[in-house]
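Reader: I'm new to this structure and would like to look closely at just one part of it. Could you pick a strand and walk me through its surroundings?

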Amino acid sequence: ARSVVGLACDIPVPGYKVNTVNLLRLWKAEASESFDFQAFNAGDYWRAVEEKVGSENITKVLYPNDEAVRGKRLRLEQQYFFVSCSLRDMIRVHRLRGNDIREFHKSYAIQLNDTHPSIAVAELMRLFLDEYGFEWDEAWEVTQKTFSYTNHTLLPEALEKWSLPLFAQLLPRHLEIVYEINRRFLDSVRARGNVDDATIAQISIIDESGDKYVRMANLATIGCHAVNGVAALHTKLLQRDVLHEFYQIMPEKFLNVTNGVTPRRWVVLSNPRLAELITGKIGERWISNMEEELPRLEAFADSPAFQQAWRRIKEMNKERLAEVIRDRTGIVVDPRSLFDIQVKRIHEYKRQHLNVLHVITRYIRIKRNPGADVVPRTVIFGGKSAPGYFTAKLIIKLINSVADVVNNDPEVAGRLKVVFIPDFNVKNAHAIYPAADLSEQISTAGKEASGTGNMKFSMNGALTIGTL
């Protein structure tokens, strides 16, 4: 329906003490025609810039509120725009190097990070079929060899699906391709025999149980040669529950690749004093090879001097976070109190509300027994909610309301404080993880695919409170 220009924006990512710089290529949407002079001359000033505004909106805000249909449309436009730009660019580079387009998969391995980019399966097929003249079977073979899919959620309601009318309106050619992928896949499964209608309904890319939807997780699973969960338990639960029917049909596709975080950012950069202390004891190889090298630190666990140095670093990190909290919220907290921290996306299954109920419980206990000997505790929350997730926003409101009561009650002063740190992001997190005494990992059992905040807390010396 319209043309949009994708402008590449490159961010160099230098490796750690190596002669390698990778490029992170991002995309900005621009209008092909930024100003309609005829509309302007006719006095229609909005229409003169309408195309520019509409096109640039695509990359203005990531994760727009998709409660309304317009928001859903924008979200799908974004997904297609980013995917299409990236695939076209990969093909351009592949051909620029003199490579055969039919060997595209030998140059590029594309990882679908959750279902958000899974429209790429249909888009690569479209490019091969419509722009490069492939036969179907050849295009499908190269496409499958190119893609792998990482699943990030066990929550059925979080598995992405698009309403058929919206998909058809925005991406009609892709819907034709999705139908054909689905037809061929279901035919191949039926040809094996012993497959009932319920299984066919479950593995179909098109959900026909009510209003019709395109299931993006099914498209990704069918269109890839490998599917992974992000923790051993998560992968096991994927095979048993979420993608069980697919696992029965093609078990060879499934494998586990456990999530991880880098100590380069989450200790060396964010906690330089701790990094210096560790390096002073065991050398710096742990920075690049943590799993093998860090156990050597255990030899110093009982050393009073080492313990004292470790404690002092934790105290300084807590003082730094206390300053950040005072500057950002106006709340004064005691760095000598126990810092009990839960920072992650706000979600019902992550159970920030359970943590708040615990705060209320502690508060009531102190009120009922003012003379009780309790360890002073500062409970710190942080995290964002999806823009249309009403309950999550209500949880944030609850935390702040409880904080108002607790922090202004002289009877609990010095023994309990509650803080909600605004705008939780990577930059702010650099001050948070190193300061934690307690790390709250209390998601509903079996619902957390694999958090990484737990790792960041852990490698900064916090004690984990976890759901078994």
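Author:

**A close look at strand β4**

Let's start with β4, which covers residues 147–150: Phe-147 and Tyr-149 point one way, Ser-148 and Thr-150 point the other way, and all of them are buried. In a regular strand, side chains alternate between the two faces of the sheet. Keep in mind that this is a predicted model.

Now for the neighbours. On one hand there's β3 (residues 110–113), which pairs with β4 in the parallel sense over four bridges. You can follow that pairing residue by residue: Gln-111 stands opposite Ser-148, and Leu-112 stands opposite Tyr-149. On the other hand there's β8 (residues 226–229), again paired with β4 in the parallel sense, this time over three bridges. Here Tyr-149 turns up again, standing opposite Val-227 in β8. So if you want one residue to keep your eye on, try Tyr-149, which has Leu-112 of β3 opposite it and Val-227 of β8 opposite it too.

Step back a little and you see the whole sheet. It is an open one made of four strands, in the order β3-β4-β8-β9, with parallel pairing. The edges belong to β3 and β9 (254–256); each has a single partner strand, so one side of each is left without a neighbour in the sheet. Neighbouring strands here are turned against each other by 30 degrees on average, ignoring direction.

While you're looking around, here's another spot to visit: the second largest pocket, with a volume of about 570 Å³. It is lined by 18 residues, and Arg-2, Ser-3, Val-4, Tyr-80 and Leu-171 are the closest to its centre. Several elements chip in, with β1 (4–14), α3 (69–96), α7 (164–170) and α8 (172–192) each supplying at least two lining residues. The largest share, seven residues, comes from α3. Sorted by class, the lining has nine nonpolar, five polar and four charged residues.

One last stop is strand β11 (residues 377–382), where you'll find Thr-378. This residue has a relative accessible area of 1%, so it counts as buried, the cut-off being under 20%. Its side chain is joined to that of Ser-337 by a polar contact of 2.7 Å.

To come back to where we began: β4 has β3 as a parallel partner and β8 as another, and its four residues, Phe-147, Ser-148, Tyr-149 and Thr-150, are all buried.

Terms used: Residues numbered from 1 in each chain as written. Predicted model: local features only at pLDDT ≥ 70, side-chain atom pairs only at ≥ 80, totals over all residues. Heavy atoms only, no water. Buried < 20%, exposed > 50% of the residue type's maximum accessible area, 1.4 Å probe, protein only. Pairing = 2+ DSSP bridges. 1 Å grid on protein atoms, 1.4 Å probe; cavity = no way out; pocket = protein on both sides within 12 Å on 5 of 7 lines; lining within 4 Å. Points joined across faces, edges and corners; volume = space filled by probe spheres on them. Nonpolar A, V, L, I, M, F, W, Y, C, P; charged D, E, K, R; others polar. Axes fitted to C-alpha atoms, helices over the stretch in contact; angles between N-to-C directions. Polar contact = N/O pair within 3.5 Å; in protein donor to acceptor, adjacent residues only side chain to side chain.
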